[in-house]
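Here are a few exercises to work through with the model open beside you. Try each task before reading its solution.

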Amino acid sequence: MTADRKRDTREKILLGGIVVKAGLSKADRAFLLGGLIEMARLVPGSIEHRRLRDIGEEAFKVPSLRNGSSHLEEKVRWA
């Protein structure tokens with residue numbers, strides 16, 4: 001396997017892990033892609049971009065969000 005393929009594979013695994021951590025492993029792929037496209041349209045540094053980044057930073061500090069409600073989900077809902 002070439003270095004480029006290994007790097008590409010590792011990136012895909014890491015991105016898949018983020019989907020799992022968010023509790024979206026069973027979500028519709030079109031839904032996921034649509035959400036990612038919408039996020040890609042955000043201006044870096046905008047209020048919404050910073051808000052979502054803050055949520056992500058918090059999510060990396062807690063266990064994966066699974067089917068049940070978590071402290072983070074409750075915190076995000078009321079933010």
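**Exercise 1. Work out which helices and strands the protein has, and in what order.**

Solution. Start with the count: the protein has four helices and zero strands, where helices (H or I, at least four residues) and strands (E, at least two) are DSSP runs numbered from the N terminus. Next, read along the sequence, which gives the pattern α-α-α-α. Keep in mind that this is a predicted model, in which local features need pLDDT of at least 70 and side-chain atom pairs count only at pLDDT 80 or more, while totals for chains, interfaces and linings use all residues. Residues are numbered from 1 along each chain as its sequence is written, and side-chain values use heavy atoms, leaving out hydrogens and water.

**Exercise 2. Compare the reach of helix H1 with the expected span.**

Solution. Helix H1 covers residues 3–21, which is 19 residues. The expected span is 1.5 Å times one less than the number of residues, here 27 Å. From first C-alpha to last, H1 reaches 27 Å, close to that expectation. Just after H1, Gly-23 takes a positive phi of about 80°.

**Exercise 3. Is Ile-37 buried, partly exposed or exposed?**

Solution. First, locate Ile-37: helix H2 (residues 29–40) contains this residue. Then apply the cut-offs on relative accessible area: buried is under 20%, exposed over 50%, and partly exposed in between (1.4 Å probe, protein chains only). Ile-37 has 39% relative accessibility, so Ile-37 is partly exposed. Finally, widen the view to the whole protein: of its 79 residues, 6% count as buried.
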